[in-house]
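User: Hi! Could you walk me through this one while I have it open?
Analyst: Happy to, let's bring it up.

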Amino acid sequence: MSARAPRSKATATALGSAARQLWEVLRPQRTLVLASTALAAATVALSVLGPKLLGRATDLIVAGIIGRQLPEGVSKTEAVGALRSQGQESLADMVSALDVVPGHGTDFPAIGIILLWTTAAYAGLAAIGWLQARLVTTIVQHSVFALRERIADKLTRLPVAYFDRTPRGEVLSRTTNDIDNIQQSAQQVLSQLLTSVLTVTGVLAAMFWISWILALVALSVVPVFALIVMYAGRRAQPQFVAQWQSTGQLSALVEETYTGHALVKFYAQEERALHRFREENAALSTAAFKAQVASGVIQPATVFASNVNYVLVAVVGCLRVASGSLTLGDVQAFIQYARQFSQPLTQMATLTSLVQSGAASAQRVLEFLDEEEELTNATPPVSLPDARGGITFEDVSFRYNDSAPLMDRISFTVAPGQTVAVVGPSGAGKTTLLNLLMRFYEPAKGRVMLDGTDISVLPRGDLRSQMGLVAQDPWFFEGSIADNIAYGMPGASREAVVSAAKAVRVDHFVRTLPDGYDTVIGERGLGLSSGERQLVTIARAFLSDPAVLVMDEATSSVDTRTELLVREALTRLRSGRTSVIVAHRLSTVRDADLILVLDGGRIVEQGTHEELLASGGTYAGLHEAQFGEAVTGTR
């Protein structure tokens, strides 16, 4: 006994936790949930009324058949006494329990009235059931709609660090697959589970009203149902959690493989990618199989227990009729109630697996919604409407969690309108510096300032509105070229878009496209060359007219000829603005006012191009490695 108790408690806790997870999703619609509960209660009342009315009709038919066989003109009491004197005790008991009129047949008008009431009850049951189903659909759709809205809002408030550590496929799985599973589970729970619980309550009350002895017989099956649910629930819940985790991992793998499809094909790694897919697919299949096997025990086991219960009720009911304790109509109604009682119990037991599956998805979605968001300003935000572009890093250090420092005591100052270039080997901290400047991350120590104002007190939206970004990998959404250029300035006029495009040499190739600026391009800029995609992003930054221009490897993915076009466009864009450039190609940073050389998270050198070459340090070594190889390669 002591060994079983903890497991039962754990199962009850798991089911209770599952119910709470789903309720968290439905809570905003609690008023409609209460209305749906009231409608479900009405359907239960009508469904309980039907068998009782039909049982009464059966009693009238039986009473008519028996009454016609009795002599007319005697009372019911006299007829019962005569039967007992003839030794027909069982028949006498039946006659005494019925509304028999000796010598009279079936009262068909009374039966007709009962059938009309029965028809009205079942018609009302259908109408209210339809209304409840519509209300349930409304509740679920509104809840899921609100949940998607919360997720969309959450995505805008999550820090970049979350997306850096979480595979995109996992995020997609939580925001799509899990949401769909919650929707299906909630629909079934509200439409079936709620009604089943109320049906069990209503039918149980009706059964005790007819016969407490038969009611106890019917209740004997409940412990069996409970044991089945606890057994299956204890084994199914971990498997459902594993199933949806595996779904997320498989989605992440598919997204990763699709993104790098060209690379997979180039290195002939199709078999390796297929092997990884098979492993993840096998893990998902195994988890899903175990979950379904564990929960699949419920249906056949509960049906068997229900049938045994049905037989017991029928046997005991017949004995009670024979003894005159119950009428045949009462037993008929009770057998219907027994079936009504067993059916929702079976449904409830079966739905526990669906509840657990939905709860596993709800848990994953709620975990996502509970993820730590970007830090809000500790003090009232400061407005900086007309930034000039002065940048200061003051003794800035940064690390991810408890890892080794990625930046250690970085300090430098850039005057408004100047260009600062950040160079160094891979992993030196160049991109981290840009992330700190744009407040994608917060420094562990020190301050980052814009025009002398600590950016930690500036609203992120205001800060980033003062900046323009030209990244290494151009980003596009599916839409026209004009819309993509105006992405940072949604209200920009067509004239402003064209003007920005002309300023950075985009206009000439856009006009060669079939629909010009209205040409629709894919989310990855499909239909444009790499250089054209980069020029479009430069036009986007130009249109936003930023005080600070941030360029992260803006020319690393284009060829030498295209690089010249991009550099010319960037030169126009940088004019009169503070520019921060991260580059591996030192040809793009020669004219920078200040070059910072990072290595190991520290500034090891700083100065102009000529000063750093003359010093013969790290920068000179990088320059010789690049241009020395280029010279050697041309000989």
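User: Which residue is the bridge partner of L598 in β12?
Analyst: That's I603. Keep in mind that this is a predicted model. L598 belongs to strand β11 (residues 594-599), which runs antiparallel to β12 (residues 602-607).

User: How many bridges join β11 to β12?
Analyst: Five bridges join them. The two strands form a hairpin with two residues between them, and G600 in the turn has a positive phi of about 65°.

User: And what sheet do they sit in?
Analyst: An open sheet of six strands, ordered β6-β9-β10-β3-β11-β12, with mixed pairing. β6 (467-470) and β12 are the edge strands, each pairing on one side only. On average, neighbouring strands here are turned by 15° against each other, direction ignored.

User: Mixed, ok. Do β9 and β10 run parallel or antiparallel?
Analyst: Parallel: five bridges join β9 (residues 548-552) to β10 (residues 578-582). As one example, V550 has V580 in β10 as its bridge partner.

User: Which helices lie across that sheet?
Analyst: Helix α19 (residues 530-544) lies across β6 and β9, at about 180° to β6. α14 lies across β3 (419-423), β6, β9, β10 and β11, and runs at about 150° to β9.

User: What else does α14 touch?
Analyst: There's another sheet, an open one of four strands in the order β2-β1-β4-β5, with antiparallel pairing. β2 (407-414) and β5 (453-454) each have a single partner strand, so one side of each is left without a neighbour in the sheet. Helix α14 (residues 430-437) packs on this sheet, touching β1 (391-398), β2 and β4, and its direction makes about 115° with that of β1.

User: How many bridges join β4 to β5?
Analyst: Two bridges join β4 (residues 445-450) to β5, and the strands run antiparallel. Within that pair, M449 stands opposite D454 in β5.

User: Switching to the helices. At what angle do α5 and α7 cross?
Analyst: At roughly 155°, with the axes of α5 (residues 108-157) and α7 coming within 10 Å. The two are therefore roughly antiparallel to each other, and their crossing is right-handed.

User: Which residues make that contact?
Analyst: From α5, the residues include V136, I139, V140, V144, L147, R148, I151 and L155. The α7 side includes V171, I179, D180, I182, A186 and L190. By class, the residues of this contact divide into 12 nonpolar, eight polar and two charged.

User: And how do the axes of α7 and α8 cross?
Analyst: The axes of α7 (residues 168-210) and α8 (residues 212-219) come within 6 Å and cross at roughly 140°. These helices are therefore oblique to each other. L204, M207, F208 and I210 of α7 meet W212, A215, L216, A218 and L219 of α8.

User: What's the class breakdown for α7 with α8?
Analyst: Nine nonpolar residues, no polar and no charged ones.

User: Last one: which residues are buried in α17?
Analyst: In helix α17 (residues 494-503), V497, V498, A500, A501 and A503 are buried. Some of that spacing fits a general point: an α-helix has 3.6 residues a turn, so residues three or four places apart point the same way.

User: And what follows α17?
Analyst: R505 follows α17, and its phi is positive, near 65°.

Note on methods:
Residues are numbered from 1 along each chain as its sequence is written. This is a predicted model: local features need pLDDT of at least 70, side-chain atom pairs count only at pLDDT 80 or more; totals for chains, interfaces and linings use all residues. Side-chain values use heavy atoms; hydrogens and water are left out. Axes are lines fitted to C-alpha atoms, for helices over the stretch in contact, and angles run from 0 to 180 degrees between N-to-C directions. Angles under 35 degrees count as roughly parallel, over 145 as roughly antiparallel, 65 to 115 as roughly perpendicular and the rest as oblique. Contact means heavy atoms within 4.5 Å. Ala, Val, Leu, Ile, Met, Phe, Trp, Tyr, Cys and Pro count as nonpolar, Asp, Glu, Lys and Arg as charged, and the others, Gly among them, as polar. A crossing is left-handed if the near helix is turned anticlockwise from the far one by less than a right angle, and right-handed if clockwise. Two strands pair if DSSP finds at least two bridges between them. Buried means under 20% relative accessible area, exposed over 50%, partly exposed in between (1.4 Å probe, protein chains only).
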